[in-house]
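Let's take a walk through this structure together, one piece at a time. Have the viewer open and turn things as we go.

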Amino acid sequence: MDSRVRGNGAALKSLVLCAALLAGCARAPQPVHFFAEGKPAKLSDWHLVEAQGGKLAPNADVVPYDLNTPLFSDYAHKFRTVWMPKGTPAKYDAEGPFDFPVGTVLTKTFYYPRVANEAGASKAVARTYDQTPDFAAGSAGALDLSKVRLIETRLLVRREQGWEAIPYVWNAAQTDAELARTGDAIALELVDTEAAKGDRDAAHPASEREAFTYVVPNENQCAGCHVTNVKAKRIEPLGPRARHLNRDYAYADGKANQLAHWSEKGYLSGLPTADLPRDADWRDTTQPLEARARAYLDVNCSQCHSPTGPANTTALDLRSAATDLRRLGLCKPPVAAGRGTGDRLLDIVPGKPDESILLYRMLSNEPGVMMPEMGRNTTHREGVDLIGQWIAAMPGNCDA
Amino acid sequence: MRKLAASLALCVLATGCGPGTPPPPSDAEAAFEKKLQEQFLDAKPGSVIDIPAGRHSLTRVLTLRASGVTVRGAGSDKTILSFKNQVSGPEGMLVYANDFTVEHLAIEDSKGDGLKINDGENITIRDVRVEWTAGPSKDNGAYGIYPVKCKNVLIEDSSSYAARDAGIYVGQSQDIVVRRNRAERNVAGIEIENSMRADVYENTATNNTGGILVFNMPDLTLHGEHTRVYKNKVVANNLGNFAAKGTAVASVPAGTGVLIMSNPKVEIFDNDIGDNRTANVIIASYFISNFADKKPSEGYDPYPKSIFIYDNRFSGGGDSPDGLDWKALKVSMFGLNGHFPDVLWDGYVDTKAMTNGQYPAEQRICIRNGDVEVLNVDGPHGFDKPKVGKEEYQCDLPKLAAVELKGKA
């Protein structure tokens, strides 16, 4: 325990008292509590998203959002929210994260749909992309806790001195999440619930179950992705950028563009009226393969693989804005891949996914080989398919 | 698409019988790890993280992000951090910080690199052992001790065993001292890559595939130069190459003592170099590597220039080169019982930098080492006319300045 945490004890105690008093009138809505310092022991202390009455619901003014293409995290579903103090909107930026005011809190809850007919304590969770059944009927924006299992909620908190990452892990009773600064490791089993729909092939039989360890990062590992400038060493949000947010969301009062909604709500200033950037939805097959693949690589890889990121040691640049094909990996030898090369010679060999190191590292789920290095312990099959198709469609070769 | 699906199926199969889920840690191990993780999270400038003697089983990389921190064990044979059951990493210890010292501990069996320090200034690594305990294996991590993009780096009295790439690997860094270390059973014992101003001295590199390597790779922002390799023992580096294909070191033949690749301003002197059975010293360009048939990146100089080798003590070696081509060449030129000269050069030259077939004086390969001869293997012409020479390499280059580290004795 460092002094900062200990010093916060009094505040925590009063908070616990407060919570005890509140228990008598559990439904009384509490406003969001921004903690300017310290790390509250429970997620519920913040009153951002709370488990009550069989639902996980966002508080008033806590706005849920989605991204065009999300980071893959072992098939977990994600429920993201933003909250800002009144009257201090974030400033729009076309490329980087918005300039959020002090007091902003972002939450990201990682959860899985439960598998029907499995005992409550089962490790089984569903591998599916369908998020519609996760939400409680009749109350838009709230997760139905009889349908989903909550794993962790990560907070990014904008304080005076910068952003801080605070991880919380949900208890077995699913009543609250507790501070988990050193992370956690949770044994889970992915079950293919979509197999019944017949969209699987021989490689993915219907009965397949995949056991894996879900790893909750510790605070320093959070920074492993959220410090996108290795020199500046500052934690930054990754998702809430214009190109990721520029899409519709089904709010309680109807569908609307997220950027427009934030602007209308006073959460965003300086939103241009036209020419907003938009990355592709990687699963939307009506969009060009190139755009989907680049959006996927951007979200899953570019926090490290950019000219300023911690993996700039490798000279690989996987941002959607990258234009230098060699830097994008085309015909580029690896720099420090070790056994991660899988005995392949070049990062990307056009037309040859089976000869490309990039795909080999996506296929692996072994630490030391797999990419990204953390944040997943299973292979993202559909992501591998997408990047494989993209490489297969590339013209040219690498011969001198 | 079918091909992809098939490779995917293979992969699923492979992972099914792969490393599997490691056993969960005992309560005591879990409590120790949690406390240690908290110390790494809470560290501030001036913090000293003392790790007691003992073998500590850890499941997760130790990441440090605070500058001015010392991590200290009770000795590299006493405080052992074992990552055999690692589930998250892939490194053993990962540091993004300045003014960092790590000393007196061992890191064993990490899934990826043992100790990686990224983008730090004023780094001291002292009496640290990194080891993959099962010996050379394709499952081992790439680098043992690995500062990258660092400035002012001291690595001393440390050791690395059985790294699948380089045991002690300094990459894209500046102002470096590597001294009194031991590197054994790695693919590359000690490697200085794309780095500026490195002094490598009083180290022992033995039983690696290659003993000491000075490399420049394409695509990187820092093109290395100015490396002095002296007073080292580089002996019997004859271990079979177990690197993954595609890595730069995969093309290093077993039996390599000191290898300079594509790097300018390298000085090799006062070393004991012997019994390296391909050659005691190899001077090579990027063209001899396993990427010879691939397009190099723009702005990259693939030629070794300004190389000065003098006053080394050579013995043995060159008698059983790795690979059939090299063996055949050796036998045809020097007979069954003969051996290559101490220095092998691939013969690739940068004709654009030459006048009348000669480099300017300051860019030559110079050797002042008694009777030592050079075999130019004539790489550019498919090894057609290899040639032994001596007189044409007798020249001198201005000596490189010693590296001075700020604030270090």
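Start with helix α6 of chain A, residues 289-301: its 13 residues reach 18 Å from the first C-alpha to the last, close to the 18 Å expected at 1.5 Å a residue. (The expected span is 1.5 Å times one less than the number of residues; helices are DSSP runs of H or I with at least four residues, strands are runs of E with at least two, and both are numbered from the N terminus.) Before going further, a word on what you are looking at: this is a predicted model, where local features need pLDDT of at least 70 and side-chain atom pairs count only at pLDDT 80 or more, while totals for chains, interfaces and linings use all residues. Residues are numbered from 1 along each chain as its sequence is written, and chains are lettered from A and ligands numbered from 1 in the order in which they are written.

Back to α6(A). How much of this helix is buried? 10 of its 13 residues are, so α6(A) is largely enclosed by the rest of the structure. Buried here means that 20 or more other C-beta atoms lie within 10 Å of a residue's own; 12 or fewer makes it exposed, anything in between partly exposed, and the C-beta atoms are placed from the backbone. The buried set includes charged-looking names such as A:Arg292, A:Arg294 and A:Asp298, along with A:Tyr296, A:Leu297 and A:Cys301. Part of the cover over these buried residues comes from α8 of chain A.Just ahead of α6 in chain A is a loop worth a pause. A:Asp275 lies in the loop between β16 (268-269) and α6 of chain A. Its phi is positive, about 60°, although A:Asp275 is not a glycine. Most residues other than glycine have a negative phi, and most peptide bonds are trans. Is A:Asp275 buried or exposed? It counts as exposed, because it has 7 C-beta neighbours inside 10 Å.

Chain B has a residue of this kind too: B:Arg180, with a positive phi near 55°. You'll find B:Arg180 in the loop between β14 (174-179) and β15 (182-184) of chain B. With 18 C-beta neighbours inside 10 Å, B:Arg180 counts as partly exposed.

While we're on backbone oddities, look for the cis peptide bonds. One joins A:Met371 and A:Pro372, with omega about -10°, and A:Pro372 sits in the loop between α7 and α8 of chain A. Another runs from B:Gly89 to B:Pro90, with omega near 10°. B:Pro90 belongs to a strand, β6 (residues 88-95) of chain B.

Now for the sheets of chain A. In one open sheet, 3 strands line up in the order β1-β2-β8, and the pairing is antiparallel. (Two strands pair if DSSP finds at least two bridges between them.) At its edges are β1 (49-52) and β8 (143-144), each pairing on one side only. β1(A) and β2 (residues 55-58) of chain A share 4 bridges, and one partnership to pick out is A:Ala51 with A:Leu56 in β2(A).

Another open sheet of 3 strands runs β7-β12-β13 in chain A, this time with mixed pairing. Here the edge strands are β7 (124-126) and β13. On average, neighbouring strands of this sheet are turned by 45° against each other, direction ignored; the axes behind that angle are lines fitted to C-alpha atoms, for helices over the stretch in contact, and angles run from 0 to 180 degrees between N-to-C directions. β12 (residues 184-191) and β13 of chain A run antiparallel and are joined by 8 bridges. Within β13(A), A:Arg209 stands opposite A:Val191.

Keep β13(A) in view as we zoom out to domains. Chain A is assigned domain 1 (3-226) and domain 2 (280-392), with bounds that come from an automatic or database domain assignment. The contact between them takes 19 residues from domain 1 and 16 residues from domain 2; residues are in contact if their C-beta atoms, placed from the backbone, lie within 7 Å. On the domain 1 side, β13 and α3 of chain A each supply at least two residues. β13(A) gives the largest share of that side, 5 residues. The domain 1 side divides into 11 nonpolar, 6 polar and 2 charged residues. In this count Ala, Val, Leu, Ile, Met, Phe, Trp, Tyr, Cys and Pro are nonpolar, Asp, Glu, Lys and Arg are charged, and the others, Gly among them, are polar.

Finally, how many residues of chain A are in contact with chain B? There are 56 of them, facing 54 residues of chain B. On the chain A side, β13 (209-216), α3 (219-226), α7 (357-363) and α8 (381-392) each supply at least two residues. The largest share, 5 residues, comes from α3(A). By residue type, this side of chain A divides into 24 nonpolar, 15 polar and 17 charged.

Definitions and conventions
Two residues are in contact if their C-beta atoms, placed from the backbone, lie within 7 Å.
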